[in-house]
Every structure is written in structure tokens, then in C-alpha cells.
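Got your viewer open and your mouse ready? Let's take a walk through this protein, one selection at a time.

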Amino acid sequence: MPRILQEEKAGSSPPVPVPRRARHKLSPCAVAALSVFIVLSLLVALPLSYVSLPWSVHIHWPWKTYGGDEAKTTAYHGDEYLLGVGKADITGPCVEINMMGYADPNQLGTGLRQRLYSRAFIVADPANPSDRFVYLVLDTQSGDTAVRYGILSGLQELGLGYEHYGHHNLALTGTHSHSGPGAWLNYLLPQITSKGFDQQSYRAIVDGALLSIRRAHESLALGHLSVGSTKVMGANINRSLFAYLANPEEERARYNISSEDDGSVEKDLTMLKFQRLSDGKNIGVLTWFPTHGTSVLGNNTLISGDNKGVAAYLFEKSVIDDEATAEGFVAGFSQASVGDTSPNVLGAWCEDGSGQMCSFENSTCSNGRSQHCHARGPFFRENDEGTSSCFEIGKRQFAPARNLYDQLNEAPNPVRGAWVKSFHTFHDMSHHRFRLPNGTEVTTCPAALGYSFAAGTSDGPGAFDFTQHHTNASRSSPVWRVVSGLLKAPTEEQVACHAPKPILLDVGEMSDPYQWTPNVVDVQAFRVGQLVVVVSPGEATTMAGRRWKEAVGGAVAAMGADEGGAREEAPVVVLGGPANSYTHYITTEEEYGIQRYEGASTLYGPHTLAAYINVTLSWLPYLRASSTSSRPPLGPEPPNNSNRSLSFIPSVVRDAPPLFRHFGDVKVDVGGGVFRRGAHVSVSFVGANPRNNLRLEGSYAVVEKLISPGDHPGGSIPEELLMERDAEVAAITEGQWKPVRDDGDWHLVFRWRRTSELLGTSEVEIMWETEPWAEPGTYRFRYFGDAKSLAGHITPFEGVSGEFQLLE
């Protein structure tokens, strides 16, 4: 694969960033093409809530206090598995598409801070290659039914060698970033604010995920797994503590270790390390830790992977110089029991001049409404849409993860047990009748959302007069009760089933023009040795996740005993999600009764969690070491709406340069400029719409550095700085310029702005937020664009800035 080694970054540690406080979420605007969209857009202003770039980079991380070049892996005895990892670009349209997460129809993308990726991890049994699973970590808000169908279809088309992949062993998890493009989800409800479905956004995720799986599959080789855990402090808090405290005191006390680790959120990060047998090098890590992808705030319009994307970025860069690490190392930072967590660790405060924290019970301020209640990240005073806080929360996950990685190198905790098992089934949650452990017969309900759903959270408050902890519909404006009834009035049976939730949107019983939200859910689990992965389609809260994992762990331990002690190690159970679909939230019954946002967003009634546990346990025997089948009945298949979804998203009509100018011309240059490290250096070009070409596995913006003969002993450019590039960027190899930053780098920002809708003109700004560790020297910017003519022809072009100097 074409590659170049990037400059070594020498200097001090990276800045501790600080994000700007969010403005109030805008009230949703009407989607004019469909009357039902008009009504819903008023209600849904709430949070639903191996890449091969053209060149690879070589960075020395100045703050790295790990094993580095001298790190060695320790030989250990564990079972052998077939292991593979892969990474690929899934960045969809970065402009003019509604961003997925905060459900604000006015939050349209305007550019790119960080490319999004799919990271694939495959584990297979060498003795039975059909026994395998692939776990995907996508920089998206969640998994999705349509995306999963698209990936499975693509795997079938790949033919020989890919027949072992299917519903039963593919897990599609999202990091829950709220800073990616939307318009790719299967059901109508999340399509409301994005004005429908966008094929380009959808295909970017499907095709990139497929490429990551292909890369992982093609890299399969014998290896060992090691598992461990560590504490991560200062990266999450419980944003619905009032609801958490409704859980039994004796249960909460089991997890209350200290004032810093009081059990209200999980502080444990679990890591699975992948090590190749042939040379002992590590090829990847997969971690689970819960914190919401809401560090970047609702007024942000730049695409990024949020704090999980930062953590993965920092980890992958940090191991490049590590002798124990293979080329193409992949770091996946998966979500865990994320439902009631927040990365905005300073808590929720009223931005109304009062200087008071939001109310504990319902997150409102002095006017009794939620719009002024905003959670604060570690650097909330920075006016940067949460960017600095995001980088800091990513660092707080990366640093302990990297330390754990080094510890596992020195003292491995092997995964033991030759079995690799998986199961998946579809289950209809609309009327699932079952018995609780105490013998009580209960049932789930068709999906519905409560009034507090519309209140949003302190990470992203909703609109109008909705508040959290809302169990009485009569306390709301009669207007909303009328609107709710006009959409679909719930039956008395449905109201009773969901009680004490007052139903705002009876989404599970609405199917016009197609289903609004899922009633059929994915139930899935994986097992390799002592590690068991519960794959959750919704956002389980802290205590809900614990109960689910505890039930599974106990059952797996019992299975091991039944098998005559086949299981020597105690089960290690993790929960990953939201995966495969998006079923909103999963709370405990006690939290459900409080009816804050998470309880109101628990779709299938008060027994939702118990139902998930019940169904999971019923299929758990498929994870037995002795099981010869990994495929329980498929169950009722949910619809695939990818080719029938509505779309009111306008396409790009044409691009045109201003009079007497050309595409790629510099508008405002940096030529001759002199800057010190830490400065923000920018240039603007005559641009074209980035939707014309997503440049997957490529870049819109590049920083190039001039390499002079005097920079190196002997006056010549070292061989490792020479690069092999594809034709598109081959010009960069001419002379002595080399790329040192691109779209994948957090501190290089690409912005696009339409200057005239009528004339089709636009401009691009590229900004480098120069880091304290950036190497002094001579630099320039290069812009890659694609212009669309009125006839529909797309033509690539480039622009190059003047030179500028960067000083220490």
C-alpha cells in the first residue's frame, strides 16, 4: 500500500484542550414536503442520542512514557486462535447533511475535523474455521439494521472464503459519536430531522465496513489473546443520578468502592489484546468503556469520531515506534453500558446567569425549563464547540488503555479455551410474555416513547416545555397531548403496558409510510475462552448493564461446571453497543419508574431489561464449548428500508468558480507568513462541494513540509522519507515536499462554505492548529477537490498555498 513516513514530532506534551459551551439547541424546523414531518420535527428536537490513507504516518509522541522501542512482549501459554484486524474509512458527506445524534435539523455539516473509521476484529477457531466472529467498531451513533443488511449482502458477494460470515457472527457496534453525518438509519423516526435517507451516507458506512472486514480477513493468522482491565478516572459521570439512586441501596453498595469510584458509573476499561504467533507482535486491541459520544456539543458542525475517535487516534499513533507492534495496528474503543453516562464530567449547570447547577430531579433551571441546562466538559470555557474537552476525554481513555497494554505485554493474562462461539437471533419485543426469576409473569409492549424523551438530556436539552422525570401527561401543555393523539393515540392496553410512562409517541404501532422504530430486536452474544461479549442493540444504563452481565456470567460459569470443569477461568463478561440496530435505551425497572430521559426512551415498557436478559439466557447454550451449532432460529426478520426510504435531501446541482478565478485558486494565502508553534495557520481556496467525492481512503486537506538537504546528515533525503503514492497525489513526491498532516489528524481542520447558491460558488478553508510538538520548518497547504458541472461531470483539481515558516 502506498506509504510515507511522517515527521517525528518532538516537543512537549499535547495541549490540554478546552471546549466551548454549547448554545441552546435550536427548535426543530418543519420538513415541508410531508405533513407528518412537520408535526414530528417539532417533537423530535432531542438527542436520539485498516485505514489506508494515501500515506501512512510515522510520529514520535513526545508525551509517551510507555515501553516504546524497548517494549517487548512476554511469551505466555494460552490457546491459539486465528486473529485478524482491519481498518477502513467510512466518512460520509461532511457538508449539507444533518448530523446524527442531537436530532437538531439545523445542525448541518460544514466540514471535517477527523475522518471516521470502521475497525474490524476477527477471532476464529483454527480447528473449526466456521466457528468465528467479527466485531466491528464504527465511528457512528450506533449500529443499524439497513447497514447490517448491506454488509451481509456484500460479504456474500465476496464469495469463497467469506461464506463463514453471517447474521450469527457479525456484530456492528457504534462508538455513539454525535458528530457524524446522519441520514443512513433504517427506520423513519431518526430520518425526520435529516430530511430522510441519503444513499451516499449509507454506502460510505457499508463499503468502508466491508473493506475493514476484508482487511481483517486477509490478515488472519495464528495468534494469542490476552485480556485485562484497568480503571479510567475523570472520563465519565452519571447524568441521571436521580434515577440511578432509585436502584436498591444494597445493590448500589456492592459497587461503591470509593468517593472517586462510587459505582454510579463503571470506571473499568476492559482490553482484549491481539498478538500474532509468527513474530510475537501485537496487531490490535479492542477495549470496552462507557462514556457518551457527546463531548463535542450540539452547536458543532464538523465531522469527528468524538472522544472515542480521539482515543483510538492517539493509541494507534503511540505504538508506531513500538517494536512489539505490527504494522497496521488497529485500536478499537467500543462503548459499554453507556446509557446514563456523560463525558461532561463537571456536571450540569444553568447557563441563565444564576451560577446554579441544574435541578437534581429533572435537570431544569430557574424558569422550570430544560433549555438552559447544559453539561460541562473539562474545558467548557473554551469557545470551541466542545473540541478541547473532547480531546481531553479521549486522552483520559487512551492513557490508562496504553498503560494496560504495556502491562499485558509484560505480564499477560491469556485467554484460555479453544472454543469460539456465537449466536444471533431476531426477537419480537412487542408482546414477549415470560416469567421473571421470582415467577411473576410479565410482558413487553410495542415500542413507545414517553414525554421525557422530548426533554433531551443535559448533554443536549430538547425544546419547548418538556422536562425529565415526567410521569404525568396532564402536566404538559394540552397542545402536545393533542399532537400526540393526532399521530397515533395509544390504546388503553398500550397505556397500561407502558405505565408509569406517559406515551408521547406510540412509534411501535405506526408503520406509515414504513416502520418508525424497531419492534424486532437483535439478541446476540460471542464467546472466546473465558471472555463473553453481550451485544446490546440499545444503550444500557450502568445498573442495567451490570444486571445483564451478571446474569450471563452466572449462566456461563454454570455451563462450565456442567461440562466437567472445561472452563478453568472465571468468566469475563463485557457489554458492547449500541449494536446492529438502534433500540434507544435499556434501564432497570426502578430507573424506568423515575421516567427521566433514559426511562422514557426505554421502548418496550418497564420489563425491557428483564426481557433482554430472558431471551439472551434462553439462547446461551449455543455458547457452550461443546456446542456444534452457532445458529439458533433466525427469528422474524426486520425490514430493510434502504431502498424504500423517503428522501428530501437536495443533490449537488453544480459548482462554478467566481468570475476570472479557477477551482483551487488561493483566495487568502499564508505565503511568507511566520508563525510560532501553537498558532492557528489557515488558507482559503476557491472550492467545490465535498459531496462530489467523499475521497474515502484519501484526503481533502494536506499539510506538506519542505525537506532541505541540510535537514539530514550527508545532505540527502533519507530513504524512509520517499513515498509511493497513487496517481492522484503523485505530484507531492516531486521535489522535496512531503505530507505531514491530513484529514485523519485531529488538529487539521477542513471547512467548506457555499458563497452563492445561485452561482454555485463556494470556498474552502484549511486550518492547522499547530501543536506544541510540531517540528519547526517550512510548510504549505494542499487542497484536493472535485467540481461538478451542470451536465453532471465531476472533475478533480488541486490547490496549493504559499509557503510559511513555523518556529519554536
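Before the tour starts, one term: helices here are DSSP runs of at least four residues, numbered from the N terminus. Also keep in mind that this is a predicted model.

**The whole thing**

Start with everything selected. The protein has 808 residues, and 64% of them count as buried. You'll be looking at 14 helices and 38 strands. The accessible surface is about 27,000 Å², with 52% of that belonging to carbon and sulfur atoms.

Now colour by pLDDT. The mean is 87, and 84% of the residues reach 70 or more. Select residues 1–71, though, and you'll find pLDDT under 50 throughout, even if the model has 295 contacts there beyond four places in sequence. Residues 712–734 also stay under 50, with 43 such contacts. Where pLDDT is low, the predicted coordinates should not be read in detail. Let's move on.

**Stop one: Trp-619**

Select Trp-619, which sits in helix 14, spanning residues 608–619. Is Trp-619 buried or partly exposed? It counts as partly exposed, because its relative accessibility is 22% and buried means under 20%. Next, show what Trp-619 touches: leaving out residues up to four places away in sequence, you get Phe-423, Thr-425, Pro-632 and Pro-633. Try a distance too: from the C-alpha atom of Trp-619 to that of Arg-631, twelve residues away along the chain, you should get 9.7 Å.

**Stop two: strand 38**

Jump to residues 804–807, which make up strand 38. In a regular strand the side chains alternate between the two faces of the sheet. Which residues of strand 38 are on the covered face? Phe-804 and Leu-806 are, while Gln-805 and Leu-807 are on the uncovered one.

Now add the partners. Strand 30 (residues 673–676) pairs with strand 38 in the parallel sense, over four bridges. One place to zoom in is Arg-676, whose bridge partner in strand 38 is Leu-807. Strand 36 (residues 777–788) runs antiparallel to strand 38, and three bridges join them. Here, look for Tyr-779, which has Phe-804 as its bridge partner in strand 38.

**Stop three: aromatic rings**

Time to show the rings. The whole structure holds 26 aromatic pairs. Begin with Tyr-162 and Tyr-165: their ring centres are 6.0 Å apart and their planes meet at 40°, so this pair is tilted. Both partners count as buried, Tyr-162 at 8% relative accessibility and Tyr-165 at 7%.

Then select Tyr-783 and Phe-797. This pair is edge-to-face, with 5.5 Å from centre to centre and 80° between the planes. Tyr-783 lies in strand 36 and Phe-797 in strand 37 (residues 794–800), so the pair ties together parts that are 14 residues apart in sequence. Tyr-783 is buried, with a relative accessible area of 1%, and Phe-797 counts as buried at 12%.

Don't switch those two off yet. Add Phe-663, Phe-685, Tyr-700 and Phe-750, and together with Tyr-783 and Phe-797 you have one aromatic cluster.

**Last stop: charges over rings**

Two more selections to go. Pick Arg-113 and Trp-746: Arg-113 lies over the face of the Trp-746 ring, at 5.3 Å from the ring centre. Then pick Arg-546 and Tyr-255. How far is the charged end of Arg-546 from the centre of the Tyr-255 ring? That charged end sits over the ring, 3.9 Å from its centre.

Notes:
Residues numbered from 1 in each chain as written. Heavy atoms only, no water. Helix = DSSP H or I, 4+ residues; strand = E, 2+ residues; numbered from the N terminus. Buried < 20%, exposed > 50% of the residue type's maximum accessible area, 1.4 Å probe, protein only. Contact = heavy atoms within 4.5 Å. Pairing = 2+ DSSP bridges. pLDDT = per-residue confidence, 0-100. Areas by Shrake-Rupley, 256 points an atom, 1.4 Å probe, with all protein chains shown as cover. Phe/Tyr/Trp six-rings, centres within 6.5 Å; stacked < 30°, edge-to-face > 60°. Lys NZ or Arg CZ within 6 Å of the ring centre and 35° of its normal.
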